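Please open the structure in your viewer and switch to a cartoon display. We will walk through a few selections together, one stop at a time.

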Amino acid sequence: MTTENFVHEINVTWGDCDPAQIAYTARLPYFALDAINAWWEAHFDGDGWFQLQIDRNIGTPFVNLSMDFRSPVTPRHKLMCETYPTRLGNKSITFGMKARQNGVLCFEGSFTCVFTIADVFESQSAPEELARVIKPLVRTDLA
């Protein structure tokens, strides 16, 4: 685990693009969720959403996604998704993200998940083994 900025690299390809020769709009939330899953993996010994759900019985369904598009995403450069928690609530976590290509801000967003007991789909407080790692990483300076 690291307290340095977490940046997930995404290779945008021709297949991600629409006739306007930019990334198809629906791909941008996909890229964001891929980066958030990578954040979980980087901070929890390789455990992403699948492992949290199946192995730890912890669900994290989304209750809010908000994205602002700033510049088109194309296959010309890697998409660098800086991903970080901005809030850890009693039963939720909010991630912030700034996605850039070649230093240009392409999109930014806020993504909130709630914690559930996966096999019964009931809400739960943030599991202590997760909260212990997340709390020192919450960034309010970039929210």
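Start by selecting strands S4 (residues 79-88) and S5: a hairpin of three residues links S4 to S5. This is a predicted model, so keep that in mind as you look around. The strands S4 and S5 run antiparallel and are held together by nine bridges. For one example of how they line up, click on Cys81, which stands opposite Ala99 in S5.

Now keep S5 (residues 92-101) selected and colour it by accessibility. How many of the ten residues in S5 are buried? Nine of them are, so the strand is mostly covered, with buried meaning under 20% relative accessible area.

Next, add strand S6 (residues 104-114) to your selection. S5 and S6 are antiparallel as well, joined by ten bridges. Show the side chains of Phe95 and Phe111: Phe111 in S6 is the bridge partner of Phe95. Then move to the turn of this hairpin, where two residues lie between the strands S5 and S6. Stop at Asn102 there, which takes a positive phi near 50°.

For the last stop, hide those strands and select S2, S7 and S8. What order do these three strands take in their sheet? They form an open sheet ordered S2-S7-S8, with antiparallel pairing. Strands S2 (58-59) and S8 (122-123) are at the edges with a single partner strand each, so one side of each has no neighbour in the sheet. Zoom in on S2 and S7 (residues 116-117), which pair over two bridges. Here Ile58 has Ile117 in S7 as its bridge partner.

How values were computed
Residues are numbered from 1 along each chain as its sequence is written. This is a predicted model: local features need pLDDT of at least 70, side-chain atom pairs count only at pLDDT 80 or more; totals for chains, interfaces and linings use all residues. Side-chain values use heavy atoms; hydrogens and water are left out. Two strands pair if DSSP finds at least two bridges between them. Helices (H or I, at least four residues) and strands (E, at least two) are DSSP runs, numbered from the N terminus. Buried means under 20% relative accessible area, exposed over 50%, partly exposed in between (1.4 Å probe, protein chains only).
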